[in-house]
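Visitor: Please show me the structure, and explain the terms needed to discuss its empty space before we turn to its strands and loops.

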Amino acid sequence: MVPLSVILSILSLVGHVHGVGINYGTLGNNLPPPKKVAQLLQSTLIDSVKIYDTNPAILEAFSNTGIDLIVAVENHHVANISSDTTAADTWFTNHVLPFIPATSVVGIAVGNEYLTANPDQLEANLLVRGMQNLHGALVARGLGRKIKVTTPHSMAVLASSFPPSTSTFATNLVPTMTDIVGFLADIGAPFMINAYPYFAYRDNPGKIDLEYALLGNTSGVHDPKGYVYSNMLDAQIDSVRSAISALGFGNRRVDITVSESGWPSKGDQGEVAATPENARTYNTRLIQRGNSNKGTPMRPKDKIELFVFALFNENKKAGGASERNFGLFNGDGSKVYDVDLSCQFCSNDGAKLGFGEKISGLSRGPSVWCVAKPHAEDDVLQPVLDFCCGAGGVDCREISESGDCFGPDKLHAHASYAMNAYYQMHGRNYWNCDFKGTGLVTFGDPSYGTCHYPQQ
């Protein structure tokens, strides 16, 4: 019998892995049911989903999927949780607690663009108190490290965004932003920014190169301090970084997450850049950028987590036509344009799927497997494989050179097989497929060719 302390020490070597996330808005009257959405996303490289409320149908649908969720306190509820910790705990008890830990809620966004959404009616200090109260409620429940509290901002919180190295927050927001950034630094939560090169290009097409806005490799835009930017999104991220440093937090770690970014496939008359071709180009490059693990010119080693906006076109969303056409998918589930979200060893053997397509082997039921998340890196997965085939007691002969699951000879494939075998051996409890966040529970059989993944 292997001591529990040994198992925990081995699993502690595995870090939590994040890839590309997506925003799942629901302002439409023709969208697929949440269970179908969750089922299909398990077959993609998406491992994080951000929603704009705490819709119980969505929270239930994503249970035991291995996909992380960021939920939200809607703007009109911020004042309520700002009153005291008890009010914040009541909100959490009613909206989130019933669904965890089966549903992996890893973050709560307090409001959305709260400081710039309607500044005449919303009080900035309520946002700070609401975030503090909610974090206090989570800490009291022992969830302060698991669930991070933050708030997404629009680029309008900046006084200017160019050049990036001299960017600062708007003067009237400096006291509030100082409190927010200090809070995020204290609890280790990311600063979230909704960054849209599309809108910058739309409003200044004569001054901004389209390829620069589309994340293309241009000759470069030069910052006075020597930084060279090949795309506008990196410049926007670094402008936020400079604004944070200008508040006096340059020596403290505050990660930046791009909580929204995308490009519309259709717009009103005059929005000539809102085309399916440009949207496909931008989002393809955005996903590639998210998978690259690269930083920005100002911080090349700092990985940027990002969330594509959005999963669906939302036909009931207010505003111009472009606001309703940021989706990768139409409301009926068909693709607006082709962006490859597929991955191998998720649950569909890498096939490119759409919501309207029939998917064999993905029906929910008693059959369930465990595989490695698509973005787990080799140095993360190796300790998992070593543990499963060693102290974990898994028979790994099938992934040896003479085994049916040896090919493809890739660590990710071998780890997936071993993780599933361990998961099946130990009762298929959700914690047996955790591996510190690198495991993914799937209802689709990952077997391929002559390689058979066992199940109970």
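Guide: On a 1 Å grid over the protein atoms alone, a pocket is an open set of points with protein on both sides within 12 Å along at least five of seven lines, while a cavity is a set where a 1.4 Å probe fits but cannot get out; lining residues have an atom within 4 Å of a point. Grid points are joined across faces, edges and corners, and a volume is the space filled by probe spheres set on the points. This is a predicted model, in which local features need pLDDT of at least 70 and side-chain atom pairs count only at pLDDT 80 or more, whereas totals for chains, interfaces and linings use all residues. Residues are numbered from 1 along each chain as its sequence is written, and side-chain values use heavy atoms, with hydrogens and water left out.

Visitor: What is the volume of the second largest pocket?
Guide: The lining of the second largest pocket numbers 31 residues, and those closest to the centre are Tyr52, Asn112, Glu113, Glu260 and Lys317. Counting Ala, Val, Leu, Ile, Met, Phe, Trp, Tyr, Cys and Pro as nonpolar, Asp, Glu, Lys and Arg as charged, and the others, Gly among them, as polar, this lining holds 15 nonpolar, 9 polar and 7 charged residues. β3 (68-73), α4 (75-81) and α9 (197-203) each contribute at least two lining residues; here helices (H or I, at least four residues) and strands (E, at least two) are DSSP runs, numbered from the N terminus. The volume of this pocket is about 820 Å³.

Visitor: Which element supplies the largest share of the lining of the second largest cavity?
Guide: The whole structure contains 4 cavities of 30 Å³ or more, and the second largest encloses about 70 Å³. Among the residues that line this cavity are Arg241, Phe249, Arg252, Arg253 and Arg299, and the lining divides into 4 nonpolar, 2 polar and 4 charged residues. The largest share, 4 residues, comes from α11.

Visitor: Which strands stand at the edges of the open sheet?
Guide: Two strands pair if DSSP finds at least two bridges between them. The open sheet has 9 strands with parallel pairing, in the order β5-β4-β3-β2-β1-β13-β12-β9-β6. The twist averages 25° from one strand to the next, with axes taken as lines fitted to C-alpha atoms (for helices over the stretch in contact) and angles running from 0 to 180 degrees between N-to-C directions. Each edge strand has a single partner, so one side of each is left without a neighbour in the sheet; these strands are β5 (148-150) and β6 (152-154).

Visitor: Which residue in β13 is the bridge partner of Gly21?
Guide: Strand β1 (residues 20-23) runs parallel to strand β13 (residues 305-308), and 3 bridges join them. Within this pairing, the β13 partner of Gly21 is Phe307.

Visitor: At what angle does helix α11 run to β12?
Guide: Strand β12 (residues 256-261) is joined to β13 by 3 bridges, with Thr257 opposite Glu305. Helix α11 (residues 232-249) lies across β9 (191-194) and β12, where contact means heavy atoms within 4.5 Å. Its angle to β12 is about 135°.

Visitor: Which residue in β4 is the bridge partner of Leu69?
Guide: Strand β4 (residues 105-110) runs parallel to β3, and 5 bridges join the two. The β4 partner of Leu69 is Val105.

Visitor: What is omega for the cis peptide bond that joins Phe309 and Ala310?
Guide: Another cis peptide bond runs from Phe162 to Pro163, with omega near 0°, and Pro163 lies in the loop between β7 (158-160) and β8 (168-169). Ala310 is placed in the loop between β13 and β14 (369-372). For the bond joining Phe309 and Ala310, omega is about 10°.

Visitor: What is phi of Asn64?
Guide: Asn64 occupies the loop between α3 (56-61) and β3. Its phi is positive, in a residue other than glycine, and lies near 55°.
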